[in-house]
Amino acid sequence: MRATDLSELAAFDAVARHRSFRKAAEERGVTASAISHAVSNLEERIGLRLLNRTTRSVSLTDAGTMLQAHLTPAFGEIGSALDALNRFRDTPFGKVRINVPNSIAPFIIGRVMGPLIRDNPNLQLEISATDRLVDIVEEGFDAGIRLGESLREGMVAVKVGPRLRFAVVGAPDYFRERSIPQTPHELKDHVCVQNMYPSGVRYPWEFEHNGEAVAFHPSGPIALDDQELMVQVALSGVALAYVWENRAQREIIDGRLIRCLDEWCPPEDWFYLYYPSRRNISAGLRAVIEAMRV
């Protein structure tokens, strides 16, 4: 097999997994036109259409579906063989791609990036920070970071710190004509930001104290999926926000935000760095794990 054949098959495999030429190009570090050219060459050479393309979507033909079914385990075996070579290398080397929720990235992985690169000059870190739920295998990541309750089966999970907790915050101006809530049940009398995932699904403000658990579903006039914006709304004095304590800590210390219901906000579950159990982990990923392990 020629090198160009393998490159074209890898380009097709990336497009098939992502259903996107752009995302496939980002994964492989080339332009979308290069990916399109490689797939077109492959289709012309084998005399079969593998992908159905429109301006808005990409789908697999029957031939493309069959080819991907064979390529996925084959490329997995090649990747495992290359990963296994790392046992012969003493120092971390090459690229490590990590997916981490945007809202917690500065607190979980931000603290270790500098020391990792300083101590491992041949290591390349690629961090994708998004609150979108990502399939790390399908999207070509070496590992991801999530709360323990969000982990899929079949993954190796390593506990990482620090342990975070939420805070309910509001500006002094907000409380000039309102009392500070003493229990989550009193939040129904307040204006509260709705928290949502990038998908648009809302999630509740969760509390626990002395064995009592409360899930409060805000019905305020604004819904946000970005904690920076939540803090800005709270600072404006029009609503209360439910954000990571670390994100609002500076504003709380400065007195620009007042914290409520502190005793109702225990630490959340631990975060975990996780990766597929079938992989022989690279020296680079091993270095990331050791830097973050609790």
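This tour moves through one protein chain, stop by stop, in a predicted model.

**Whole chain**

Begin with the full chain in cartoon representation. Its 294 residues include 9 helices and 15 strands. Along the principal axes, the C-alpha trace spans about 75 × 45 × 30 Å. Of the residues, 45% count as buried. Among contacts with a separation of 6 or more, 72% are made by residues 24 or more positions apart.

Next, display the surface. About 15700 Å² is exposed, and carbon and sulfur atoms supply 51% of that area. Colouring by charge brings up 34 positive and 38 negative charges, whose mean positions are 5 Å apart.

**A nonpolar surface patch**

Select L6, I78, L82 and L85. Together these residues form a nonpolar patch on the surface, with about 360 Å² of accessible area. Centre the view on I78, which belongs to helix α4 (residues 62-84). I78 is partly exposed, at a relative accessible area of 40%.

**Salt bridges**

The whole structure contains 21 salt bridges. Three of the pairs are visited here, followed by a network.

Select R45 and E8. Their closest N and O atoms are 3.0 Å apart, and the two residues form a salt bridge. This pair links distant parts of the chain, since R45 sits in helix α3 (residues 32-46) and E8 in helix α1 (residues 3-18), 37 residues apart. The partners differ in burial: R45 is partly exposed at 39% relative accessibility, whereas E8 is buried at 9%.

Move to R132 and E139. Here too the side chains meet in a salt bridge, with an N to O distance of 3.0 Å. R132 is partly exposed, with a relative accessible area of 35%; E139 is buried, with a value of 15%.

Select K188 and D189 for the third pair. The closest N and O atoms of this salt bridge are 3.5 Å apart. Are these two residues buried or exposed? K188 counts as exposed at 63% relative accessibility, and D189 counts as exposed at 59%.

Then select R165, E245, R259 and D262 together. Salt bridges that share partners join these four residues into one network.

**Backbone details**

Three loop positions merit a view of the backbone atoms.

Select G161 and P162. The peptide bond between them is cis, with omega of about 0 degrees. P162 lies in the loop between β6 (155-160) and β7 (166-170).

Continue to N210, in the loop between β10 (205-209) and β11 (212-216). N210 is not a glycine, yet its phi is positive, at about 50 degrees. The residue is exposed, with a relative accessible area of 74%.

Finish at L261, which is found in the loop between β14 (258-260) and β15 (271-276). L261 also has a positive phi without being a glycine, in this case about 55 degrees. What is the relative accessible area of L261? The value is 4%, so L261 counts as buried, the cut-off being under 20%. Viewed in succession, N210 is exposed and L261 is buried, while each has a positive phi.

How values were computed
Residues are numbered from 1 along each chain as its sequence is written. This is a predicted model: local features need pLDDT of at least 70, side-chain atom pairs count only at pLDDT 80 or more; totals for chains, interfaces and linings use all residues. Side-chain values use heavy atoms; hydrogens and water are left out. Helices (H or I, at least four residues) and strands (E, at least two) are DSSP runs, numbered from the N terminus. Buried means under 20% relative accessible area, exposed over 50%, partly exposed in between (1.4 Å probe, protein chains only). Contact means heavy atoms within 4.5 Å. Accessible areas come from the Shrake-Rupley method with a 1.4 Å probe; for residues, only the protein chains shown count as cover. Lys and Arg count as positive and Asp and Glu as negative; His and the chain ends are not counted. The place of a charge is taken as NZ of Lys, CZ of Arg, CG of Asp or CD of Glu. Patches are made of residues with over 30% relative accessible area and no salt bridge: like charges are joined within 9 Å, nonpolar side chains (Val, Leu, Ile, Met, Phe, Trp, Tyr) within 5 Å.
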